[in-house]
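Let's take a walk through this protein together, one region at a time. Keep the structure open beside you and find each residue as we get to it.

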Amino acid sequence: MLPVKRFSDFIEQNNLFEHNSKILAAVSGGMDSVVMVHLLKSAGFNFGIAHCNFQLRGEESLADQEFCNNLAGQLRAPFHTTRFDTLKYAADEKISTQMAARQLRYQWFEQVRQQSGYSVVALAHHQNDAIETILLNLTRGTGIAGMHGILSKNGNLVRPLLFLNRAEIQNIIGENGLHYVEDSSNASVKYARNKIRLEVIPKLKELNPALEHTFENNLAHFRDLELFLEQQTADLRKTLFIHKGDEIHLPLEEIKKLEPKRLLLFKLLQEYGFNESTIDDLILSLDKHSGRVFESPGFRLMLDRGKLILTNHKPNQLQETLIGIHDHEANYGGYKLSILHDDSPLIVKDNPMAASVDSDLLVYPLTLRPWQQGDYFYPLGMKGSKKLSDFFIGQKVPLSEKEEIPLLVNGNGDIIWIGGYRPDERYKVSDNTKKVTIFELINLKMR
């Protein structure tokens, strides 16, 4: 006899779908998915069957596809099927065969769901699958999210068999005389999940025969803990994240008070793509001077005088601009540079947006470009060189603005002028200067 009431109760208690919902059941032909569709049929749900042929097992794959077609006919359910060149996809994407099969099937399930008007996709995972997932995650390394196992509902994916364990499913198959197909690859221990299923879990069940029940309770605790942490993180974001234009500022003193610091910082910054290794580096830098920059694929985190500044990480789009000897102006980003040649030794003073240099020292073409790590110059009025990174810190230039500052670079590679800030001592106008070139920057954004 089928456990229809337990099945229906589980669906209702976990809000998986409504009784009038249209369900797309993912069916491999194995005992788990066969039990699921028979339960859907007996409980009176409207469902269709979807089967993927990954073309990995030759005639066996074709036989599975035919079995699922016949099963759909027996249950009078619509049948959807497709074939994938899984090996080619795996090679093209440079991923494992298992990962390729996973990506292909979930993409296709969602496509069928949308095109055919199904509410959800039902997957036949059960309690033992959840245990295997946790053990696999622990083996590979995981956070709290990896400890909750398989969720009964995740977006449009639902798992209505999570109230059953493998032994119960086997009993249902035997008691009801249900036919199914066996995937021969399930007996191979070359796959990590199969190795856990066939070799690890039996040993654990020797220690605890009620392993599934114990894990079910543990999973509930882990899910509650995850929800609690998510709520704590959301509350912290409200108090720590100060939005200023396109930037988010986090007060450094408040960050230092967080405990446990590593966990909470990781949760706060995880959605911005920062990994645990970067968080470790960040924590080590909290008591150091400003200027450190931490990057994720899409964001940048800058340590800047009493605060962390979080911004979108946009690769510098500014292109180098070449300036020829006969040019009188040049455009760079949001600036226009005007160029004047004068025979008198004219010196521009008290105007950081202009600089006078000795014309005879210029090597054309000159270049306008953004600063680069390792840049240095000889600040006007000082002896010796200074790294631009240190100069910017001394000038209290916001880290987010550094890359927009134009540098005027000589043809020999020397920095002539940090536009808007300081010219180089080596190129100043002196008593021996015969001709002066005056560069003036106009900030087009300020006009």
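Start by finding F17. If you skip its neighbours within four places in sequence, F17 is in contact with I11, I23, L40, F45, V120 and V158. Keep in mind that you're looking at a predicted model. F17 also belongs to something bigger: in the largest nonpolar core, which has 39 residues, F7, F17 and L161 touch the most other members. Which elements give two or more residues to this core? They are α1 (4-13), β1 (22-26), α2 (31-42), β2 (46-53), α3 (59-75), β4 (120-122) and α7 (166-176). Of these, α2 gives the most, with seven residues. There's also a second, separate core, made of 24 residues, and among them are F241, I248, L265 and Y272.

Now for the strands. Six of them form an open sheet, and if you read across it the order is β3-β2-β1-β4-β6-β5, with mixed pairing. Which strands sit at the edges? Those are β3 (79-83) and β5 (153-154), as each of them pairs on one side only. Further in, β4 pairs with β6 (residues 157-158) in the parallel sense, over two bridges. Zoom in there and you'll find V121 standing opposite L157 in β6.

Helices come up against these strands too. Helix α2, the one that gives the most residues to the largest core, lies across β1, β2 and β4, and it runs at about 160° to β1. Helix α5 (residues 97-116) packs on the sheet as well, where it touches β1, β2, β3, β4 and β6. The direction of α5 makes about 145° with that of β2.

Just before α5 there's a residue with an unusual-looking backbone label to check. K94 lies in the loop between α4 (86-93) and α5, and its phi is near 55°, a positive value in a residue other than glycine. Is K94 buried or exposed? It counts as exposed because its relative accessible area is 75%, and the cut-off for exposed is over 50%. K396 can be read in a similar way: it isn't a glycine, yet it has a positive phi of about 55°. You'll find K396 in the loop between α13 (388-394) and β19 (407-409). With a relative accessible area of 56%, K396 is exposed too.

Next, step over to helix α6 (residues 127-140), where N137 has its place. N137 counts as partly exposed because its relative accessibility is 22%, and partly exposed covers the range between under 20% (buried) and over 50% (exposed). Which residues does N137 touch, not counting those up to four places away in sequence? The answer is T142 and G146. You can also look from N137 to M147: they're 10 residues apart in sequence, and their C-alpha atoms are 7.5 Å apart in space.

Last stop: two peptide bonds that lead into prolines. The bond from E259 to P260 is cis, with omega near -5°, and P260 is found in the loop between α10 (252-257) and α11 (261-269). Another cis peptide bond joins Y364 and P365, with omega at about 0°. To find P365, look in the loop between β15 (354-358) and β16 (366-369).

Conventions
Residues numbered from 1 in each chain as written. Predicted model: local features only at pLDDT ≥ 70, side-chain atom pairs only at ≥ 80, totals over all residues. Heavy atoms only, no water. Helix = DSSP H or I, 4+ residues; strand = E, 2+ residues; numbered from the N terminus. Buried < 20%, exposed > 50% of the residue type's maximum accessible area, 1.4 Å probe, protein only. Contact = heavy atoms within 4.5 Å. Core = buried A, V, L, I, M, F, W, Y, C linked by side-chain atoms within 4.5 Å. Pairing = 2+ DSSP bridges. Axes fitted to C-alpha atoms, helices over the stretch in contact; angles between N-to-C directions.
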